[in-house]
Amino acid sequence: MVSVLEERGLVPQRVSGSSAGALVGGLWAAGLPAGAIADELLSLRRQDFWDPWPGMGLLRGRLFRRRLERLLPVTTFEDCPIRLTLSVHDLVFNRVRVLSAGPLAEAIHASCAVPFLFQPVWLGFRPHFDGGVVDRHGIAGLPPSGRLLYHHLSSRSPWRRADSPALRPPARPDTVSLIVDGLPRLGPFRLQDSRSAFEQARRATRLALDRPVVDDRVQVSTAD
């Protein structure tokens with residue numbers, strides 16, 4: 001999505017996200033061009049981030065953090081060209097925590113720390129997991145109103161029930177949801193499908209931006 005927004009010259013005043021949205025949105029808000037983000041993710045191999053280690057998750061996360069630190073053009077939220085907020089899950093208080101200041105790499109790492117796959121990330125004196133655990137929409141840090149283009153991941157998370165509110169676009173004033181149906185589901189053992197998913201999503205996003213908004217959403221299929 002961000003590659004097409006950049007292509008069209010549409011730059012937001014603010015970026016917010018959790019989990020995969022924290023990774024892409026965080027890198028983009030930090031000033032890394034969408035093309036460079038795509039090149040990094042599409043060339044990624046499992047051994048580039050696969051570092052199993054005993055703990056509260058399969059992967060230690062050190063390889064992932066090092067790649068983030070190498071990629072990021074800036075080191076703190078305050079230095080980002082676009083204002084950024086990220087959601088993480090505070091394990092001690094079992095609630096969402098919004099980050100908008102301080103070190104950037106550790107915040108993105110924490111928001112991407114999928115439970116059971118990655119070990120939690122310690123921010124201060126408390127462990128944190130993937131922000132999508134509680135805030136799948138990734139918008140907890142945004143004001144309750146104001147224009148918002150929301151990218152909705154329509155695939156169902158295997159650990160959520162079918163009618164979970166987290167699987168529906170947010171009911172929020174002045175929000176337009178972009179929904180791309182039919183994308184292949186990716187993961188550490190399905191990285192070979194990433195380029196196909198990327199190109200399908202780009203075509204669908206271009207098509208969506210040229211369509212009228214219906215009921216506060218633009219929904220397209222990769223078969224369109």
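Residues are taken as buried under 20% relative accessible area, as exposed over 50%, and as partly exposed in between. The structure analysed here is a predicted model. At 27% relative accessibility, Arg-206 falls between these two limits and therefore counts as partly exposed.

Arg-206 takes part in a salt bridge with Glu-7, in which the side chains meet at 2.9 Å from N to O. This pair links distant parts of the chain, with Glu-7 in helix H1 and Arg-206 in helix H6, 199 residues apart. Glu-7 also meets the side chain of Arg-202 in a salt bridge, at 3.1 Å from N to O. Here too distant parts of the chain are linked: Arg-202 belongs to helix H6, which spans residues 194–209, and Glu-7 to helix H1, which spans residues 2–7, and the two residues are 195 apart. Glu-7, Arg-202 and Arg-206 are thus linked in a network of salt bridges. With regard to accessibility, Arg-202 has a relative accessible area of 16% and is therefore buried, whereas Glu-7, at 43% relative accessibility, counts as partly exposed. In general, side chains of opposite charge can pair when their charged atoms come close.

Over the whole structure, the search finds 8 salt bridges. One of the salt bridges joins the side chains of Arg-45 and Asp-48, with an N to O distance of 3.3 Å. Arg-45 has a relative accessible area of 47% and is therefore partly exposed. Asp-48, in turn, has a relative accessible area of 13%, so this residue is buried.

Two helices were examined for burial. In helix H3, which comprises residues 34–42, the buried residues are Ala-34, Ile-37, Ala-38, Glu-40 and Leu-42. The buried residues of H3 pack against H1, helix H2 (20–29), helix H4 (62–71) and H6. H1 and H6 are also the helices that hold Glu-7 and Arg-206, respectively. Helix H5, formed by residues 104–111, is mostly covered, with 7 of its 8 residues buried. The buried residues in H5 are Leu-104, Ala-105, Ala-107, Ile-108, His-109, Ala-110 and Ser-111.

The cysteines were then considered. A disulfide is a covalent bond between the sulfur atoms of two cysteines. The count for this model comes to 0 disulfides. For Cys-80, the nearest cysteine sulfur is that of Cys-112, 14 Å away. Because a disulfide requires sulfur atoms within 2.5 Å, Cys-80 is in no disulfide. The converse holds for Cys-112, which is in no disulfide and has the sulfur of Cys-80 as its nearest cysteine sulfur, at 14 Å. Cys-80 is buried, with a relative accessible area of 11%, and Cys-112 is likewise buried, with a relative accessible area of 10%.

The backbone geometry was also inspected. Most residues other than glycine have a negative phi. Asn-94 has a positive phi of about 50° although it is not a glycine. Asn-94 is placed in the loop between strand E3 (83–90) and strand E4 (95–99). With 57% relative accessibility, Asn-94 counts as exposed. A positive phi is also found for Phe-116, a residue other than glycine, where the value is near 75°. Phe-116 is located in strand E5, which covers residues 116–118. The relative accessible area of Phe-116 is 74%, so this residue is exposed.

The surroundings of Gln-119 were examined last. Gln-119 lies in the loop between E5 and strand E6 (121–123). At 12% relative accessibility, Gln-119 counts as buried. A polar atom of the Gln-119 side chain lies 2.7 Å from the backbone oxygen of Trp-53. When neighbours within four places in sequence are left aside, Gln-119 is in contact with Trp-53, Pro-54, Gly-55, Met-56, Gly-57, Leu-59, Arg-60, Ala-113 and Phe-129. Trp-53 is thus among the contacts of Gln-119 and supplies the backbone oxygen at 2.7 Å from a polar atom of the Gln-119 side chain.

Conventions: Residues are numbered from 1 along each chain as its sequence is written. This is a predicted model: local features need pLDDT of at least 70, side-chain atom pairs count only at pLDDT 80 or more; totals for chains, interfaces and linings use all residues. Side-chain values use heavy atoms; hydrogens and water are left out. Buried means under 20% relative accessible area, exposed over 50%, partly exposed in between (1.4 Å probe, protein chains only). Helices (H or I, at least four residues) and strands (E, at least two) are DSSP runs, numbered from the N terminus. A salt bridge is a side-chain nitrogen of Lys or Arg within 4 Å of a carboxyl oxygen of Asp or Glu. A polar contact is a pair of N or O atoms within 3.5 Å; within protein, one must be able to donate a hydrogen and the other to accept it, and residues adjacent in sequence count only if both atoms are side-chain atoms. Contact means heavy atoms within 4.5 Å.
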